[in-house]
Amino acid sequence: MFAAVPRLLPLLLLQTFLSPPATLAANILAFMPMPLKSHFGGFQPMFEELARRGHNVTVVSSFPLANRSVPNYTDVDVTPVQGLPDIDVMQLININFLMTVTNRWFFANLLSAQMEHANLIDFLRSEDNSFDLVIVESFLQEYTVAIGHKYNAPVVNLSPGMVWVSISRWLHLPSTFSYVPDCCIGMTDDMSFTDRLKNTIVGFVQMFVEDYLYIPMMKAKMSKHFTYVGSESRPTLEQMLNNVSLTLMNAYHAVGVCRPYLQGVVEVGGMHLKEPKPLPKDLQDYIDSASNGVIYFSFGSIVNLSNLPKEKLSSFLNAISRLKQKVIIKWVPDKSIKLPQNVKVGSWLPQNDILAHPNVKLFITHGGLHSIEEAVYNEKPVIGIPFFADQISNMRRVEKIGYGKLITFDQLTEESFGNAVEEVISNPAFKDKAMIQSQVFRDQPMKPLDRAIYWIEYVIRNGGAQYLKAGSIGLNTAQYFLFDVTLFLLLSIAIFAWLGYCGIVKVSSKFKAD
């Protein structure tokens, strides 16, 4: 056995040299105070993993760990006193494409009320804390980047999905309107002329109009909520957003858009995905006993089926009652609602574990990003009824690739819903495409969670990793898009053309005189 050691020694030494250097335990602040469950859920596994690897992680959020503790993980609970807000999604269906931008501004103002939470005020006013790295989610709360200045620490920015123009411009990330769609206006990267026109208008609004209507609001929020020793000398909001060390996106091109990114922008979509755990006995027995399979139905954490118009809810229930499959629905219905005999409901269900069961044949979803990722990961075809935000774009990509069908809310009837379920379950092409897409999604050099941890520790090891930022930061809009160079060239051409014209006229006049 020992004779093999000399032969193995070069390999062991090579592995040692190629492995990234160890990162000393750091004090890390994860600042995600907004009550957005799906956003926090996508990144919370990363906070836990950082704690497990020896870092001291302080998490400011509305979703503290429940009935369990993790070593090195400290919660600062800022759950809204009045509970998590209800959102009437009916008001968000079929809005004008320009309103997708203005609604974000309105929602940003609404979210900022969370900054008045007593625990949050106490935390921000305290001068007792010290952090080596700050992690923030800048989604409609760009002012939170100021907390990096408070602690004189590098900032890692979290994006709940593919970054749109509002974020891309601070990172100087190419966001070409011809093929990089805004995630909230319901289109894929395969755009018609009308789609490209809408995408361009929305992009220009975010690039230029926001400077006069949205950014001043963010600056006012920053001045109001982030007052601390030294805040009077901090850089401008724009400069701090330009100075973010790293951006981690809860996105991945296999379930999204393939577009160019800089080295400091990393896709980590799917961090919440884990190998399935055993199901509770009642669920396991229910799914195992379904001779024709099971359909899983969930509209996520925001959309409540009870809030849908009665005719739409009846369309679902009537169509489901005629199915030969059993149906599991994430829902707590009113007692007045009579459920079909083939339906089982629950207020909370282990979605990923259910989708992993081989007897689950179809996933009916609202098209949220996490739901799409879990469907792809578990090789399940989907039917999507999207409501708002990125859900329409997500489902159009699903339909384009071929592992599901989209039903718009306006088109939803008992017949259209029943026909879609029958088509997706009976046509093996949908399942085949889901299996192919799952293979593409899983075929990564490292797990998304490991990739996120690597890059965070990279920033810590390398003092903020300033060289990950674009070399174009510092250029203004005219310089970045070469407007100044273009204007100079056009003027030069015009001057030379004029001089040439004058010369020709002069020579021509001379010949005529002769």
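Which strand holds Leu 362? The legends below answer this and describe other parts of the chain. The model is predicted, so local features need pLDDT of at least 70 and side-chain atom pairs count only at pLDDT 80 or more, while totals for chains, interfaces and linings use all residues. Residues are numbered from 1 along each chain as its sequence is written, and side-chain values use heavy atoms, with hydrogens and water left out.

**View 1. Surroundings of Leu 362 in strand β11.**
Leu 362 belongs to β11, which covers residues 360–365. Helices (H or I, at least four residues) and strands (E, at least two) are DSSP runs, numbered from the N terminus. The relative accessible area of Leu 362 is 0%, so the residue is buried; buried means under 20% relative accessible area, exposed over 50%, and partly exposed in between (1.4 Å probe, protein chains only). With neighbours within four places in sequence set aside, Leu 362 is in contact with Val 294, Ile 295, Tyr 296, Pro 381, Val 382, Ile 383, Val 421, Val 424 and Ile 425. Contact means heavy atoms within 4.5 Å. Between Leu 362 and Lys 380 the C-alpha to C-alpha distance is 5.9 Å, at a sequence separation of 18 residues.

**View 2. Crossing of helices α3 and α7.**
The axes of α3 (residues 99–111) and α7 (residues 193–213) come within 10 Å and cross at roughly 35°. Axes are lines fitted to C-alpha atoms, for helices over the stretch in contact, and angles run from 0 to 180 degrees between N-to-C directions. The crossing is right-handed; this applies if the near helix is turned clockwise from the far one by less than a right angle, and left-handed if anticlockwise. On the α3 side, Val 101, Arg 104 and Trp 105 meet Val 202, Val 205, Gln 206, Val 209, Glu 210 and Leu 213 of α7. These residues divide into six nonpolar, one polar and two charged. Ala, Val, Leu, Ile, Met, Phe, Trp, Tyr, Cys and Pro count as nonpolar, Asp, Glu, Lys and Arg as charged, and the others, Gly among them, as polar.

**View 3. Asn 67 and His 172, two loop residues with positive phi.**
Asn 67 is not a glycine, yet its phi is about 60°. This residue sits in the loop between β2 (56–61) and β3 (73–77), and at 85% relative accessibility it is exposed. His 172 has phi near 55° and lies in the loop between α6 (165–171) and α7. With a relative accessible area of 12%, His 172 is buried.

**View 4. Cysteines 183, 184 and 502.**
A disulfide is a pair of cysteine sulfur atoms within 2.5 Å, and the count by this rule is zero. For Cys 183 the closest cysteine sulfur is that of Cys 184, at 3.6 Å, which is too far for a bond. Cys 183 is buried, with a relative accessible area of 13%, whereas Cys 502 is partly exposed at 31%.

**View 5. Residues 480–504, annotated in UniProt.**
The unreviewed UniProt entry places the feature "transmembrane region" at residues 480–504. UniProt positions are given in the numbering used here, feature names are shortened, and annotations may be inferred rather than shown by experiment. In the model this span is 92% helix and 0% strand, with its end C-alpha atoms 38 Å apart.
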